[in-house]
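Grab a pencil and take a look at the protein below. We'll work through a few exercises together, one step at a time.

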Amino acid sequence: MWKIGNVEIDNRVVLAPMAGICNSAYRKIVKEMGCGLIYAEMVSDKAICYDNKKTIDMLYMEDVERPITQQIFGSDVDSFVYSAKYIEKEMRPDIIDINMGCPVPKVALRAQAGSALLKDPSKVKEIVSAVVKAVKCPVTVKIRSGWDNNHINAVHIARVCEEAGASAICIHGRTRSQGYSGKADWDIIRDVKNNVKIPVIGNGDVTSPEKAKEMLDYTGCDAIMIGRAALGNPWIIRNTVLYLEGKPYTQPTTIDKIDMCIRHLKLLNELKTERQAVLEIRSHVGWYLKNVKGSNEIKNKIYKMTSIYDILQVLEKFKEEINEERYL
């Protein structure tokens, strides 16, 4: 067990705040897999200030998902403060995280938010200090190694955040210019850990339980964050928890994957409109059934469907066919 501020966290596995993915339905699945700390997908501070319904709806969560971190992105101090206060009052997350790592152009370039903030340490300090003073829950910051290879300043930014009152730092070992390509630099994660006293979460290239342990051992970080490797594979969360506890683990069967598709769709149906649930599950079906024999035809059928009932029927039939093959 470790802590961020006064928040106790059972294990060292953390779910990344993936946009368009980490809603309550997906978070419940990951929590059932034993995830120690869950990040909800980031929300715009301006959208909260403008009372945007779509953004407000994204704040929905249930107590079973705790401990949970709600992430905010933006570039304006006053908007950050307003949105942080609103989130704390209406959502009651355990932790609020400030996004200073998002590399996508519409955030980092157009809005000058996310990783663009790394270029202005004084503004980083101003934002973090203001949010820390505005809310009672712990405030954390998610950063990258730097803007590009010529501007690697994660250690300095981490120190600034710590001085401003942040309770933890999450560091993705890639620059903004790398996006999600190339290799994550674990040396910078280790350097950040060695230069601050607050907890550090390492992020980048944790693609297996073994890689998780390798990062922990190499960097000395307090926890590891898993993002894209969990798409279609929430079992990586369970297996990483087990592996770090010195216990054996098993990989999911094809039937497990189909059953998870079904469960995920039913959870989405409880959370969203039928149209929204159908559109969202299409991507997840592609991830869950990746490399599964005979799945291409199933995926193509589902991509054209507009009914939850029809999708469930296709998945159930696919499961029956696989079970029949196993006993031939």
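What follows is a set of short exercises, each with a worked solution.

Before we start, this is a predicted model, where local features need pLDDT of at least 70 and side-chain atom pairs count only at pLDDT 80 or more, while totals for chains, interfaces and linings use all residues. Residues are numbered from 1 along each chain as its sequence is written, and side-chain values use heavy atoms, with hydrogens and water left out.

**Exercise 1. Find the aromatic pairs and work out how their rings are arranged.**

Step 1: start with the rule. Rings of Phe, Tyr and Trp (its six-membered ring) pair if their centres lie within 6.5 Å; planes under 30 degrees apart are stacked, over 60 edge-to-face, and the rest tilted. That rule gives 2 aromatic pairs.

Step 2: take W235 and Y288. Their centres are 6.3 Å apart with 75° between the planes, an edge-to-face pair. W235 is in helix α10 (residues 235–244) and Y288 in helix α12 (residues 274–288), so this pair links distant parts of the chain, 53 residues apart. Helices here are DSSP runs of H or I with at least four residues, strands are runs of E with at least two, and numbering goes from the N terminus.

Step 3: check burial (buried is under 20% relative accessible area, exposed is over 50%, partly exposed is in between, using a 1.4 Å probe and protein chains only). W235 counts as buried because its relative accessibility is 4%, and Y288 is buried at 1%.

Step 4: now Y243 and Y249. With centres 6.1 Å apart and planes at 80°, this pair is edge-to-face too. Y243 is partly exposed at 28%, and so is Y249 at 24%.

**Exercise 2. Find out which residues H264 touches.**

Step 1: locate H264, which lies in helix α11 (residues 254–271). Its relative accessible area is 0%, so H264 is buried.

Step 2: list the contacts (heavy atoms within 4.5 Å). Leaving out residues up to four places away in sequence, H264 touches Y26, I29, I281, H284 and Y288. You've met Y288 already, as the partner of W235.

**Exercise 3. Decide where the buried residues of α9 sit around the helix.**

Step 1: name them. In helix α9 (residues 209–219), the buried ones are P209, A212, M215, L216 and T219.

Step 2: look at the arc, taken from the directions from the helix axis to the C-beta atoms. These residues cover only 120° around the axis, so they're on the same side of α9. Here's the general background: an α-helix has 3.6 residues a turn, so residues three or four places apart point the same way.

Step 3: see what they pack against, namely α8 (186–195), β9 (200–203), β10 (223–226) and α10. Right after α9 comes G220, with a positive phi near 75°.

**Exercise 4. Describe the surroundings of β9.**

Step 1: check both faces. V200 and G202 are buried on one side, and I201 and N203 are buried on the other.

Step 2: find the neighbouring partner. Strand β8 (residues 168–175) pairs with β9 in the parallel sense over 4 bridges; pairing takes at least two bridges found by DSSP. One of the links joins C170 to its bridge partner I201 in β9.
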